[in-house]
Amino acid sequence: MIFIKEAWLLLWLFFLWTTAFTQSYPKKLIAQLDTIIQADQQYRSVAARQSAKTPEEEAIQMRKQSAIDITNMAKIDKIIAEYGYPGKSLVGEKYQSVALMVIQHNDPAAREKYLPLLVEAAGKGEVNASSVAIVIDRAKIDKGEKQIYGSQLNETKQGVKLMPIEDEPNVNVRRAKVGLPPLEVYLKQWNMNYKLPTTTNPNPTEWYYVPEARSESAVELIGGDKALYSKLLYPAKAKENNISGFVTIELTIDKNGMPKNPVVVKSLGYGCDEEALRIIKEARFTNTSGEEAEMRIQLPFPYVK
């Protein structure tokens, strides 16, 4: 009987041990996050891998990725509405940063909206504080403010530049608190021999990015690409047939910024062409050229599956 009791005790201890160190995560949500993370890198990784990429080639890849980012954000919106932030206790270490990554890769409004939620999740240990620190820096830069943790750089023709940092002499103290390495270590990967500045020994000014006066294009889409994409509806016939890709439209922008004579030059069919034309006809532009201008625009399908 003693042996039997000991056996049951061992089995009970084994159960407690396995329960403590393993967890059953929601399979449907995990599969959805896995699909999202793959989509997040679909064109972003291609742009990064191109060894001889031109700015034009990179822009094409990132324009395609931008459309996917909007789709991903719509999915993350739904996940957060249902579950709250999908952190470590819900989806495990591997997937705890997926929602954060999608938020970071979207527009400033998304970062502004979800930053309090991310900070709260980091405080509860649901997402890595180091990752949230990067979103905080990016949100600061979005608003034209100095960053806190020194994570944000800007690639210029003269090389990589560091965005301005608030209270820079104490940046490593803040970085250590969120689990980031010293800024000197972080910047070595860009061959920057960085040191913490002092009043008597500042860093060279050429290491820092100074925003330049942006050369505005004569013709600009009001609201930008993402606002335009967000109005697209995925036609039922296209959804039934799992149609995916881009409709390319050529059009003229008149002196008043109104679209004229839009023509589909690359078709997807299944109602996508008609939907793309509908959106383009509703779009408005600024046109400071004083004359009509020709444009080519790609519209992504599906928007939301």
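Is Val98 buried or exposed, and what is its relative accessible area? Val98 is buried, at a relative accessible area of 1%. Buried means under 20% relative accessible area, exposed means over 50%, and partly exposed lies in between (1.4 Å probe, protein chains only). This is a predicted model, in which local features need pLDDT of at least 70, side-chain atom pairs count only at pLDDT 80 or more, and totals for chains, interfaces and linings use all residues. Residues are numbered from 1 along each chain as its sequence is written, and side-chain values use heavy atoms, with hydrogens and water left out.

**Whole chain**
- The chain holds 13 helices and 7 strands. These are DSSP runs (helices H or I, at least four residues; strands E, at least two), numbered from the N terminus.
- Of its 305 residues, 41% count as buried.
- Among contacts with a separation of 6 or more, 63% link residues 24 or more positions apart. A contact means heavy atoms within 4.5 Å.
- The exposed surface of the chain is about 18000 Å², with 56% supplied by carbon and sulfur atoms. Areas come from the Shrake-Rupley method with a 1.4 Å probe; for residues, only the protein chains shown count as cover.

**Val98 and its contacts**
- Val98 sits in helix H6 (residues 98-104).
- Leu33 is 65 residues away from Val98 in sequence, yet the C-alpha atoms are 6.7 Å apart.
- Leaving out residues up to four places away in sequence, Val98 touches Leu33, Ile36 and Ile37.

**Helix H7**
- H7 covers residues 108-123, which is 16 residues. From first to last C-alpha it reaches 22 Å, close to the expected 22 Å. The expected span is 1.5 Å times one less than the number of residues.
- At Tyr114, H7 bends by about 45 degrees, and Pro116 follows within four residues. The bend is the angle between axes fitted to the seven residues ending at a residue and the seven starting there.
- Tyr114 is also one of the buried residues of H7, alongside Ala110, Arg111, Leu115, Leu118, Ala121 and Ala122.
- Gly125, just after H7, has a positive phi of about 80 degrees.

**Hairpin S1-S2**
- Strands S1 (residues 153-156) and S2 (residues 159-162) run antiparallel and are joined by 4 bridges. Strands pair if DSSP finds at least two bridges between them.
- The hairpin connects S1 to S2 through 2 residues.
- Thr156 has Gly159 in S2 as its bridge partner.

**Sheet S5-S4-S7**
- Three strands form an open sheet in the order S5-S4-S7, with antiparallel pairing.
- S5 (259-266) and S7 (293-301) stand at the edges; each has a single partner strand, so one side of each lacks a neighbour in the sheet.
- Neighbouring strands here are turned by 25 degrees against each other on average, direction ignored.
- S4 (residues 245-253) and S5 share 5 bridges. Thr248 is partnered with Lys266 in S5.
- Helix H13 (residues 272-282) packs on this sheet, touching S4, S5 and S7, and its direction makes about 155 degrees with that of S5. Axes are lines fitted to C-alpha atoms, for helices over the stretch in contact, and angles run from 0 to 180 degrees between N-to-C directions.

**Positive phi outside glycine**
- Asn191 has a positive phi near 60 degrees. Asn191 lies in the loop between helix H10 (183-187) and strand S3 (219-221), and is exposed at 75% relative accessible area.
- Tyr270 has a positive phi of about 55 degrees. Tyr270 lies in the loop between S5 and H13, and is partly exposed at 36% relative accessibility.
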